[in-house]
Amino acid sequence: MQQLLLQNETIRAKNIVNLRLNFIEMKNRSIILYIQLIVMMGLVSCAKTGRPTGGPEDKEPPVMRKSSPLNMSTNFSSKEIKIEFDEYIKLTDINTQLIVSPPLKYTPIISPLGTPSKYIKIKILDTLKDNTTYTFNFGQSIIDNTEGNVATNFKYIFSTGDVIDSLSISGTIKDAFNEKADKNVSIMMYEVDAAINDSIIYKEKPFYVANTLDTIAWEITNMKAGKYLLVAMNDVSKNYTFDPKQDKIGFHSTTIEIPTDSTYELTLFEEILPYKLVRPSVASKSHIIFGYEGVGDSMKVKPLYNEPNLTSIALFEKDKDSLNYWYKGVEKDSLNFLVENKKQRDTVTLRLISKVTDSLNISASTRGILPLRDRYSLISNIPLVSIDTSKISFMSRDSVKVSYTAKISNTSDSILVDFEKKYKEQYRIQILPQGIEDFLGNSNDTLNFSFGTKKPADYGNVYFTIQNVKSYPIIVDLLDEKFNIVERKYLKEARELPFLNLIPAKYKMRVIYDTNENGIWDTGNYLLKRQPEKVIYYPKEIEIRANWDPRETFILK
């Protein structure tokens, strides 16, 4: 009996131990599961926030792992190229950035576009030239998909012949007239052989091409030895041919022989187009606009047939290639005109469909403060024929009459008012009805204008000395920040140049070599092999402050 009780106690003790061990095991498992759950939640959280913090930032651009055919291949004959990279990349602005030299007739098909990938495929649609080295320069178009690092000027190069051409040429560009050059200028080279002529840039693609992208520097690589014509264009249509209506051009005046150790600066300019009459338009009743291309400053308009009651006035519009023709004394549905410009003659017939007559509008050249250096004027939208000064009242702040003279300008589009300016004064002008009459017989309603002046100490002066002038005469322009001419001076010999009573602001300065001594800047012409007149900008802004009189020295390079 005792033995049986002992056995039962032993079994019971073992069961208790097992239960405790099971409990401990379950507890340990729960702890492990809990820890695992926390770790998993942390991983999920990290996945949601992106790359774990604390790791090094990826600053390396994508690198090509391999390509098929191999980069720098010779005896190339494939129609498709595959280039693989070490990370996911995307292509941006590929149509502008990719420059193929020599240019292809048909644009190659590049894929994939719009989605990240580790490879680029190029499908060539052209028949390639024999024994020619081709360069596919991707510019800034290849970037890694995560960090945006750019594989700058990545090139894929191959030759259809036995060797890869390795010669190169480089240089810079500048604008002939503007301070800064355009971006994305194409640099083109044409092989000089017995068949080349000046018209090649209008009709054929160049043999080699490069692009400045967003800099002024350029380089053409993988060239073969030979003689070349060097040209630059801003090539608006991206067709590698010169369109004078929209493209600027620059050229090296002599043939270039490769190899060369020289660098070349190309100056881009807009050509003056040959004169051409643009179809006239009827702006309103009695007002026709004759537009033109090129130089039309000698243009004259007159009725083709005798119109005994017709009178007219023609005015060129400032800063626009157009002539405003005003007429009266004829009531017809159409008119015929003869338009002459030097030796060119055109005849046009216009249907006078507009029944709306322009009304007279007079505005002041200055509102608020009249600068000491400026002339006060009243501007009209219709040519003026008369003013009646008896209907004009010109008063100062204290209602004191101001002595003045008023006359219609030579261009008939404004009234010039001259008077002795007093400092820190307020002025008001009143013009009673019928004080002004325009060409069409309109007159004004009552007009009121007011303006003031400041004291000389509110303005600044600057005195310039120009050094290292290669030849005279030169044109010196003081410009505002928007490159409008504030004042122009013409120098035939060295002397100090004062620019007085300037509004406090930042200004710029340029010098133009007036080579042909006609008083204006002249652009270039490719066919005539004439370079534009040289323009040099002062390298820093000129800050004018009130009551300051700085002196500046401009040393021309």
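## Exercises on a predicted model

The lining of the largest cavity consists of 9 nonpolar residues, with no polar and no charged ones. The structure is a predicted model, and the exercises below start from this cavity.

### Exercise 1. The cavity

Task: find how many cavities of 30 Å³ or more the whole structure holds, and state which residues line the largest cavity.

Solution.

Step 1. Rolling a probe the size of a water molecule over the atoms shows where empty space is left. Searching the whole structure gives 1 cavity of 30 Å³ or more.

Step 2. The space in the largest cavity comes to about 60 Å³.

Step 3. Its lining is made of L378, I392, F394, Y404, A406, I415, V417, I429 and I431. Two or more of the lining residues come from each of strand 29 (392-396), strand 30 (404-408), strand 31 (414-419) and strand 32 (426-431).

Step 4. Sorted by class, the lining has 9 nonpolar residues, no polar and no charged. Tyr counts as nonpolar here, so Y404 does not enter the polar class.

### Exercise 2. A loop between two lining strands

Task: decide whether S412 is buried or exposed, and list what S412 touches.

Solution.

Step 1. Locate the residue: S412 belongs to the loop that lies between strand 30 and strand 31. Both strands also contribute two or more residues to the lining of the largest cavity.

Step 2. Apply the cut-off. Buried means under 20% relative accessible area; S412 has a relative accessible area of 13%, so S412 is buried.

Step 3. List the contacts. Leaving out residues up to four places away in sequence, S412 touches I313, L315, I382, P383 and L384.

### Exercise 3. Pairing around strand 34

Task: determine in which sense strand 34 (residues 447-452) pairs with strand 26 (residues 368-369), and in which sense with strand 32.

Solution.

Step 1. Strand 26 and strand 34 are parallel, with 2 bridges. I369 has G452 of strand 34 as its bridge partner.

Step 2. Strand 32 and strand 34 are antiparallel, with 6 bridges. Q426 stands opposite G452.

Step 3. Combine the two pairings: G452 is the bridge partner of I369 and also stands opposite Q426.

### Exercise 4. An open sheet

Task: give the strand order of the open sheet that contains strand 9, and name its edge strands.

Solution.

Step 1. The sheet has 3 strands, ordered 12-9-16, and its pairing is mixed.

Step 2. Strand 12 (217-223) and strand 16 (263-268) each pair on one side only, which makes them the edge strands. From one strand to the next, the twist averages 30°.

Step 3. Strand 9 (residues 167-175) runs parallel to strand 16, and 6 bridges join them. One of the residue pairs is I173 with L266.

### Exercise 5. Partners of strand 2

Task: trace how strand 2 (residues 80-91) pairs with strand 1 (residues 64-68), strand 5 (residues 117-123) and strand 7 (residues 142-144).

Solution.

Step 1. With strand 1, the pairing is antiparallel over 4 bridges; K66 stands opposite E84.

Step 2. With strand 5, the pairing is antiparallel over 6 bridges; I89 has S117 as its bridge partner.

Step 3. With strand 7, the pairing is antiparallel and has 3 bridges; K90 stands opposite I143.

### Exercise 6. Backbone checks

Task: locate P102, P259, F483 and K529, and describe the backbone at each.

Solution.

Step 1. Take the prolines. The S101 to P102 peptide bond is cis, with omega near -5°, and P102 sits in the loop between strand 3 (99-101) and strand 4 (109-111). The I258 to P259 peptide bond is cis as well, with omega near 10°; P259 sits in the loop between strand 15 (256-258) and strand 16, the latter being an edge strand of the sheet in Exercise 4.

Step 2. Take the positive phi values. F483 is not a glycine, yet its phi is about 65°; its loop lies between strand 36 (474-479) and strand 37 (485-491). K529, also not a glycine, has a phi of about 55° and lies in the loop between strand 39 (505-513) and strand 40 (535-537).

Step 3. Classify exposure. F483 is partly exposed at a relative accessible area of 33%, and K529 is partly exposed at 35%.

Technical notes: Residues are numbered from 1 along each chain as its sequence is written. This is a predicted model: local features need pLDDT of at least 70, side-chain atom pairs count only at pLDDT 80 or more; totals for chains, interfaces and linings use all residues. Side-chain values use heavy atoms; hydrogens and water are left out. Two strands pair if DSSP finds at least two bridges between them. Axes are lines fitted to C-alpha atoms, for helices over the stretch in contact, and angles run from 0 to 180 degrees between N-to-C directions. On a 1 Å grid over the protein atoms alone, a cavity is a set of points where a 1.4 Å probe fits but cannot get out, and a pocket is an open set with protein on both sides within 12 Å along at least five of seven lines; lining residues have an atom within 4 Å of a point. Grid points are joined across faces, edges and corners, and a volume is the space filled by probe spheres set on the points. Buried means under 20% relative accessible area, exposed over 50%, partly exposed in between (1.4 Å probe, protein chains only). Contact means heavy atoms within 4.5 Å.
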